[in-house]
Amino acid sequence: MYPLSILFSALLFLYFPPAHALVIHAVGVAAGEDFSDFNGSGFSPSPTAGQLDSDVWRVTGLSDGDGSFGGSYEAGDFARGVAYGAVSRGGIWSFDTASGSGAALGVQPTGSDFTPGAITLRVMNNTPSILTSLLVEYDLFVFNDQRRSSFFNLSYSGDDLLYADVATALVVSPETADNRPSWVRSSRSFTLTGLSILGADPFYLRWSGSDNSTPGRRDQFALDNIRVTAFSAAPVSVPGPSSWFLIAIGLVMLGYQQRVSVLR
Ligand SMILES: [Ca+2]
Ligand SMILES: [Ca+2]
Ligand SMILES: [Ca+2]
């Protein structure tokens, strides 16, 4: 059945150009985001300099509301601006994790912001291939300047409804605040397997966070250098016995219907 699926995907791809997303243009070639232009001025479907594309990025769980794909969120919690890291206002920041050269997509959780919350990245398969695995790489930065511990996790979904956790991606910030806080980077790399992403289909990566302990104010987190590389292992095959059986049933049903309509 694979050749038919590939043909169908290719037709979809030709007739429905993919929506805005982090676009995977070719198998084996990384698509990415390094936030180098992001200055914390919010999200828009037609982003101006310094904003992120809301067709690609969605933030939920802020006291100013939940973002949605394609919406405009250019003030308040969604647009906190640029800072080094030691902030207290809750929301989305451009954190300079490398003292002058490291804009990253950051969050300051508070009691009403990002507790819990999620940052979702929409990825689009713009290849004619069925993608069967994704290599997801990113840097996660933690600024442990407060005495509460928070967690940051990764999950993924094909329909933006049911998400599967990447259990090994869980990061928990230390409870005891650092004496001289600075950004601590961990480079993460995960291969998601068993996928079946057709051409022109979206796929979702979601970073979620919330409290891990109480009490106290909350540490800051930031995402950077995101890379998504897709692979396709779709074998070329002929229909198997069960498929032939279904096709035969279909032909019999078709014949029966035609016979019934002739008799009428
Ligand atoms: Ca960056
Ligand atoms: Ca808020
Ligand atoms: Ca802490």
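**Strand 16 and three calcium sites**

Strand 8 (residues 103–108) pairs with strand 16 in the antiparallel sense, over three bridges. Two strands count as paired if DSSP finds at least two bridges between them. Strands themselves are DSSP runs (E, at least two residues), and helices are runs of H or I with at least four residues; both are numbered from the N terminus. The model is predicted, so local features need pLDDT of at least 70 and side-chain atom pairs count only at pLDDT 80 or more, while totals for chains, interfaces and linings use all residues. Residues are numbered from 1 along each chain as its sequence is written, chains are lettered from A and ligands numbered from 1 in the order in which they are written, and side-chain values use heavy atoms, with hydrogens and water left out.

Strand 16 spans residues 220–231. Nine of its 12 residues are buried. Buried means under 20% relative accessible area, exposed means over 50%, and partly exposed lies in between (1.4 Å probe, protein chains only). Within the pairing with strand 8, Leu105 has Leu223 of strand 16 as its bridge partner. Strand 2 (residues 31–33) also pairs with strand 16 in the antiparallel sense, over three bridges. There, Glu33 is bridged to Ile226. Strand 10 (residues 133–143) is another antiparallel partner of strand 16, joined over 10 bridges. Val136 is matched with Val228 in strand 16.

Calcium ion (ligand 1) takes its protein donors from Asp34 (O), Ala103 (O) and Asp224 (OD, listed twice), at 2.3 to 2.5 Å. Donors are N, O and S atoms within 2.8 Å of the metal (3.2 Å for Na, K and Ca); water is not among the atoms, so sites may look incomplete. The donor spacing along the chain is D-x68-A-x120-D. Asp34 sits in the loop between strand 2 and strand 3 (43–44), and Ala103 sits in strand 8, so this pair ties together parts that are 69 residues apart in sequence. Asp34 is partly exposed, at 39% relative accessible area. Ala103 is buried, at 18%.

Calcium ion (ligand 2) has protein donors from Ser63 (OG), Asp77 (OD, listed twice) and Asp113 (OD, listed twice), again given as 2.3 to 2.5 Å away. Their spacing reads S-x13-D-x35-D. Ser63 belongs to the loop between strand 5 (57–60) and strand 6 (82–83), and Asp113 to the loop between strand 8 and strand 9 (117–125), so the pair ties together parts that are 50 residues apart in sequence. Ser63 is partly exposed, with a relative accessible area of 46%. Asp113 is buried, at 4%.

Both Asp77 and Asp113 also touch Gly91. Gly91 lies in strand 7 (residues 91–96). Its relative accessible area is 0%, so Gly91 is buried. Its contacts beyond four places in sequence also include Leu62, Arg80 and Gly106. Contact means heavy atoms within 4.5 Å.

Calcium ion (ligand 3) is coordinated by Asn144 (OD1), Gln146 (O), Arg148 (O), Pro174 (O), Glu175 (O) and Asp219 (OD, listed twice), at 2.3 to 3.1 Å. The donor residues follow N-x1-Q-x1-R-x25-P-E-x43-D in sequence. Pro174 is in the loop between strand 13 (171–172) and strand 14 (183–192), and Asp219 in the loop between strand 15 (202–211) and strand 16, so the pair ties together parts that are 45 residues apart in sequence. Pro174 is partly exposed, at 44% relative accessibility. Asp219 is buried, at 0%.
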